[in-house]
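Student: Got a minute to go through this one with me? I'd like to start with how far to trust it.

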Amino acid sequence: MNAAPGIESFEIPPVDLEEFESAALDPEAFDHQAHVYVAWSLLEQGDLPEATQRFTSALKRLTRQHGIEGKYHETISCFYMTLIAERRALQDQEDWPSFSRGNPDLLMNAGELLKSYYSSERLHSPLACRQFLLPDRVPDQNSVLVHFPE
């Protein structure tokens, strides 16, 4: 199956969880799809609070290790973890390819999805970078894939 526009593949990205958690991963190879895959993988191994703690701690460690601390954003990291966990709970997709095919909006341009939930002022505030902030917008059902239980 071909990937959706803006998505390279629905296959498992070439990223190793141990390398991610030990900050041994090359940040240049850690694209948006790899971020989503790692989040999904951590949620396979634990509940939302535990997975979020592992993800944010490792991401902070990775950015610190490579001198790019300014790239870390707490609100974006926690928002994606929560949205991925919600989608996993609402859908019956057993593996990564199924999950990624069922949720292409999570893999496409992160900025577009985030604009549906956050104003630019809120998302780009210094507070949002260091602490999770709740969304200040309700997404338009026509602008993003909104998944509701049946």
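**Confidence, pocket and one alanine**

Tutor: Sure. This is a predicted model, and among the elements of the protein chain, helix α1 (residues 17-21) has the lowest mean pLDDT, 91, while α8 has the highest, 98.

Student: And what does the protein chain average in pLDDT?

Tutor: The average is 87, and 87% of the residues score at least 70.

Student: Where does pLDDT stay under 50?

Tutor: Over residues 1-7, where the model has 13 contacts beyond four places in sequence, and over residues 146-150, with nine such contacts. Where pLDDT is low, the predicted coordinates shouldn't be read in detail.

Student: OK, pockets. How much space lies in the largest one?

Tutor: About 630 Å³. It is lined by 31 residues, and His32, His35, Leu59, Lys71 and Ile76 are the closest to its centre.

Student: Which elements give two or more residues to that lining?

Tutor: Those are α2 (32-45), α3 (48-65), α4 (74-90), α7 (110-117) and α8 (120-123). The largest share, five residues, comes from α4.

Student: What's the lining like by class?

Tutor: It has 17 nonpolar, nine polar and five charged residues.

Student: Switching topic: is Ala34 buried or exposed?

Tutor: Buried, because its relative accessible area is 2%, under the 20% cut-off. Ala34 sits in helix α2.

Student: What is Ala34 in contact with, leaving aside neighbours within four places in sequence?

Tutor: Pro13, Val15 and Ala29. As for Asp16, its C-alpha is 9.6 Å from that of Ala34, with the two residues 18 apart in sequence.

Technical notes
Residues numbered from 1 in each chain as written. Predicted model: local features only at pLDDT ≥ 70, side-chain atom pairs only at ≥ 80, totals over all residues. Heavy atoms only, no water. 1 Å grid on protein atoms, 1.4 Å probe; cavity = no way out; pocket = protein on both sides within 12 Å on 5 of 7 lines; lining within 4 Å. Points joined across faces, edges and corners; volume = space filled by probe spheres on them. Helix = DSSP H or I, 4+ residues; strand = E, 2+ residues; numbered from the N terminus. Nonpolar A, V, L, I, M, F, W, Y, C, P; charged D, E, K, R; others polar. Buried < 20%, exposed > 50% of the residue type's maximum accessible area, 1.4 Å probe, protein only. Contact = heavy atoms within 4.5 Å. pLDDT = per-residue confidence, 0-100.
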